[in-house]
Amino acid sequence: MEKGKGVLGAGRRWAVDFSDNSTAPSSRDIPDPPGFTRASVDQDDSAVSRQKKDAEANWKAQKAWEVAQAPFKNLLMMGFMMWMAGSTVHLFSIVFEPYKDNKVELLGPKLLFIALNLGGLALGVWKLNTLGLLPTHASDWVSSLSPAQEVEYSGGGIPL
């Protein structure tokens, strides 16, 4: 064989012939085992693919619920972090896009996610109130009053 020539040597370089020209019986000549038919393989493939799709849909639904419950799992940790850190704000953004599927219902996980985040927001408002950072008393608004309103507020004198 010359250098640079393929196995066939006729036209193509580096071509390999995979055809079976032997006289030995091939696997196509061997009969199928009892109870096995080629048609059942195709049916099994469709059943397997349907099972895989159902399993994937169940997995997505389970993961969506885990994502929805994540704020609850972090609620005590967030409370401790707020207590330790003072008045820092933490933003958590989780998108349900990876779990979107026609077979997966995401309304429940989304509603739970919103409810638990509102609980975290309530915890944050409570923290701000305990720090005295929320304007809950009338004296918190004195700086925004006009001078005439200040006199009226301070005990009812005659406005100048």
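Let's start with the charges: the count of salt bridges in this chain comes to 4. Keep in mind as you look around that you have a predicted model in front of you. One of those bridges pairs the side chains of Asp54 and Lys103, with N and O 3.2 Å apart. Asp54 sits in helix α1 while Lys103 sits in the loop between α1 and α2, so this pair ties together parts that lie 49 residues apart in sequence. As for Asp54 itself, a relative accessibility of 35% makes it partly exposed.

Now stay on helix α1 and find Lys60. Its salt bridge partner is Glu56, and the closest N and O atoms of the two are 3.5 Å apart. Both residues belong to helix α1, with their positions 4 residues apart, or about one turn of the helix. What about cover: is Lys60 buried or exposed? Lys60 counts as buried, because its relative accessibility is 12% and the cut-off for buried is under 20%. Glu56, on the other hand, is partly exposed at 40%.

Which residues does Lys60 touch once you skip those up to four places away in sequence? They are Pro98, Tyr99, Lys100, Asp101 and Val104. So a lysine that counts as buried at 12% has a list of contacts that reaches well along the chain numbering, from Pro98 to Val104.

Another helix α1 pair is Lys63 with Glu66, again with 3.5 Å between the closest N and O atoms. These two are 3 residues apart in helix α1, about one turn. Lys63 is partly exposed at 26%, and Glu66 is also partly exposed, at 32%. Salt bridges that share partners also link up into one network, made of Glu56, Lys60 and Asp101. As a general point, side chains of opposite charge can pair when their charged atoms come close.

Time to step back to the whole chain. The protein chain has 3 helices and 0 strands, and reading along the sequence gives the pattern α-α-α. How sure is the predictor about all this? The mean pLDDT of the chain is 74, and 66% of the residues reach 70 or more. Among the elements, helix α2 (residues 107–130) has the highest mean pLDDT, at 89, while helix α3 (residues 147–153) has the lowest, at 59.

Next, the nonpolar side of things. In soluble globular proteins, nonpolar side chains tend to be buried together. Here the largest nonpolar core has 9 residues: Ala57, Ala64, Val67, Ala68, Phe96, Tyr99, Val104, Leu106 and Phe113. Helix α1 (residues 38–85) gives the largest share of this core, 4 residues. Pick out Ala57 as a member of that core. Leaving aside its neighbours within four places in sequence, Ala57 is in contact with Asp101, Lys103 and Val104. Two names there should ring a bell: Lys103 is the salt bridge partner of Asp54, and Asp101 belongs to the network with Glu56 and Lys60. Val104 is in the core along with Ala57, and Val104 is also touched by Lys60.

While you are in this region, look at Glu105, in the loop between α1 and α2. Glu105 counts as exposed, at 57% relative accessibility. Glu105 and Ala57 are 48 residues apart in sequence, and their C-alpha atoms are 9.5 Å apart in space.

Finally, turn to the surface. Of the 160 residues in the protein chain, 13% count as buried. The chain exposes about 13300 Å², and carbon and sulfur atoms supply 60% of that area. Where does a nonpolar patch show up on the outside? Leu107, Leu111, Ile114, Leu118, Leu121 and Val125 make one of about 580 Å². Ile114, one of these residues, is found in helix α2 and is partly exposed, with a relative accessible area of 47%.

One last figure speaks to how the chain meets itself. Among contacts between residues at least 6 apart in sequence, 62% join residues at least 24 apart. The Asp54 and Lys103 pair you began with, 49 residues apart, shows such a link between helix α1 and the loop between α1 and α2.

Technical notes: Residues are numbered from 1 along each chain as its sequence is written. This is a predicted model: local features need pLDDT of at least 70, side-chain atom pairs count only at pLDDT 80 or more; totals for chains, interfaces and linings use all residues. Side-chain values use heavy atoms; hydrogens and water are left out. pLDDT is the predictor's confidence in each residue, from 0 to 100. Patches are made of residues with over 30% relative accessible area and no salt bridge: like charges are joined within 9 Å, nonpolar side chains (Val, Leu, Ile, Met, Phe, Trp, Tyr) within 5 Å. Accessible areas come from the Shrake-Rupley method with a 1.4 Å probe; for residues, only the protein chains shown count as cover. Buried means under 20% relative accessible area, exposed over 50%, partly exposed in between (1.4 Å probe, protein chains only). A nonpolar core is a set of buried Ala, Val, Leu, Ile, Met, Phe, Trp, Tyr and Cys residues joined through side-chain atoms within 4.5 Å. Contact means heavy atoms within 4.5 Å.
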